[in-house]
Amino acid sequence: MLNNTTDIEGTLCISTRDLNDQLPFVMQAKAMEEWGFTPHARIRAGLYWRVEDVPAILQHVIDDTLKVKENCK
């Protein structure tokens, strides 16, 4: 279960900052958008992502990391 989720108009969301606080690395919101993910909301300077999209976002990171690993052989 993710910490610091927020209900925005009936959709469970997490901010980029709160997601990054739970990871051992930092993901840029711009990168997530470039991967095709759309933030559910923008509140002040923060982007909020659907919690249901987080597994796919993290899978994208895993897949890209494995591609880099394969290129190191």
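**A first walk through a predicted protein model**

Hi everyone, let's start with the overall fold: the secondary structure comes to three helices and four strands. Here helices (H or I, at least four residues) and strands (E, at least two) are DSSP runs, numbered from the N terminus. Along the sequence, the pattern reads β-β-α-α-β-β-α.

A quick word on where this comes from. This is a predicted model, where local features need pLDDT of at least 70 and side-chain atom pairs count only at pLDDT 80 or more, while totals for chains, interfaces and linings use all residues. Residues are numbered from 1 along each chain as its sequence is written, and side-chain values use heavy atoms, with hydrogens and water left out.

Now the general dimensions. Taken along the principal axes, the C-alpha atoms fill a box of roughly 45 × 25 × 20 Å. The protein has 73 residues, and 29% of them count as buried. Buried means under 20% relative accessible area, exposed means over 50%, and partly exposed is in between, using a 1.4 Å probe and protein chains only. The protein exposes about 5,200 Å², with carbon and sulfur atoms supplying 51% of that; these areas come from the Shrake-Rupley method with a 1.4 Å probe, and for residues only the protein chains shown count as cover.

Let's go inside. Which residues make up the largest nonpolar core? There are twelve: Ile14, Leu19, Leu23, Met27, Ala29, Met32, Phe37, Leu47, Trp49, Val54, Ile57 and Val61. α2, β4 (46-50) and α3 (54-71) are the elements that give two or more residues to this core, and α3 gives the most, with three. By a nonpolar core I mean a set of buried Ala, Val, Leu, Ile, Met, Phe, Trp, Tyr and Cys residues joined through side-chain atoms within 4.5 Å. As background, nonpolar side chains tend to be buried together in soluble globular proteins.

Please find Thr16 on your screens, in helix α1 (residues 16-21). Is Thr16 buried or exposed? Thr16 counts as buried, because its relative accessibility is 11%. Setting aside residues up to four places away in sequence, Thr16 touches Met27, Ala29, Met32, Leu47 and Trp49, where contact means heavy atoms within 4.5 Å. Looking back from the other side, Ala29 is in contact with Thr16, Leu47 and Trp49, leaving aside its neighbours within four places in sequence.

Trp49 comes up again at Thr38, which lies in the loop between α2 and β3 (41-43). Not counting residues up to four places away, Thr38 touches Trp49 and Arg50.

On to two residues in loops. Glu9 sits between β1 (6-8) and β2 (11-15), and its phi is near 55°, a positive value in a residue other than glycine. Glu9 counts as exposed because its relative accessibility is 75%. Arg44, in the loop between β3 and β4, has a phi near 50°, again positive in a residue other than glycine. Arg44 is exposed too, with a relative accessible area of 76%.

Finally, the cysteines. How many disulfides does a search of the whole structure find? Zero, taking a disulfide as a pair of cysteine sulfur atoms within 2.5 Å. Cys13 counts as buried, at 0% relative accessibility, whereas Cys72 is exposed, with a relative accessible area of 64%.

That's the tour, and thanks for listening!
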